[in-house]
Amino acid sequence: MRIFAFIAAVVGGTTVVIGVAHWITDSWAVGTTAGVIAGVLSVAVYPVLFRKR
């Protein structure tokens, strides 16, 4: 169940980053690039957050 919550958080956060970056710069290219970067960084922390102890 944690994986679904994590995926929802990544998708939601990426959407927010795209929206805010587009609103600030008025450019979809900048918004999408920022969203992709945020999404990749978010996915990269998954092993750190949910590693077996």
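Here are five short exercises on the structure above, each with a worked solution.

This is a predicted model, in which local features need pLDDT of at least 70, side-chain atom pairs count only at pLDDT 80 or more, and totals for chains, interfaces and linings use all residues. Residues are numbered from 1 along each chain as its sequence is written, and side-chain values use heavy atoms, with hydrogens and water left out.

**Exercise 1. The overall form**

Task: Find which secondary structure the protein chain has, and how its radius of gyration relates to the globule rule.

Solution:
- Start with the elements: the protein chain has three helices and zero strands, in the order α-α-α along the sequence. Helices (H or I, at least four residues) and strands (E, at least two) are DSSP runs, numbered from the N terminus.
- Next, take the radius of gyration, which is 13 Å, well over the 10 Å that the globule rule gives for 53 residues, so the protein chain is more spread out than a compact globule. This radius is taken over C-alpha atoms, and the globule rule is 2.2 Å times the number of residues to the power 0.38.
- Then look at the box: along the principal axes, the C-alpha atoms fill roughly 45 × 15 × 10 Å.

**Exercise 2. Surface and interior**

Task: Work out what share of the protein chain is buried, and what its accessible surface comes to.

Solution:
- Of the 53 residues, 17% count as buried. Buried means under 20% relative accessible area, exposed over 50%, and partly exposed in between (1.4 Å probe, protein chains only).
- The accessible surface is about 4,100 Å², and 76% of it belongs to carbon and sulfur atoms. Such areas come from the Shrake-Rupley method with a 1.4 Å probe; for residues, only the protein chains shown count as cover.

**Exercise 3. Helix α1**

Task: Check the span of α1, then list its buried residues and what they pack against.

Solution:
- At 1.5 Å a residue, the 24 residues of α1 should span 34 Å, and the end C-alpha atoms are 34 Å apart, which agrees. The expected span is 1.5 Å times one less than the number of residues.
- The buried residues in α1 are Phe6, Val10, Thr14, Ala21 and His22.
- These buried residues pack against α2 (28-44) and α3 (46-49).
- For a close look, choose His22: this residue counts as buried at 18% relative accessibility. Leaving aside residues up to four places away in sequence, His22 touches Ser27, Trp28 and Gly31, where contact means heavy atoms within 4.5 Å.

**Exercise 4. The loop after α1**

Task: Say where Asp26 lies, and whether its phi is positive or negative.

Solution:
- Asp26 is in the loop between α1 and α2.
- Its phi is near 60 degrees, a positive value in a residue other than glycine. Most residues other than glycine have a negative phi.
- Asp26 also counts as exposed, at 64% relative accessibility.

**Exercise 5. Three valines**

Task: Place Val11, Val20 and Val48 in their helices.

Solution:
- Val11 sits in helix α1 (residues 2-25). Together with Met1, Ile3, Phe4 and Ile7, Val11 forms a nonpolar surface patch with about 560 Å² of accessible area.
- Val20 is also found in α1 and is partly exposed, with a relative accessible area of 41%. Val20 and Gly31 are 11 residues apart in sequence and 7.4 Å apart in space, C-alpha to C-alpha.
- Val48 belongs to α3 and counts as exposed at 51% relative accessibility. Val48 and Trp28 are 20 residues apart in sequence and 31 Å apart in space, C-alpha to C-alpha.
- As for the patch, patches are made of residues with over 30% relative accessible area and no salt bridge (a side-chain nitrogen of Lys or Arg within 4 Å of a carboxyl oxygen of Asp or Glu). Like charges are joined within 9 Å, and nonpolar side chains (Val, Leu, Ile, Met, Phe, Trp, Tyr) within 5 Å.
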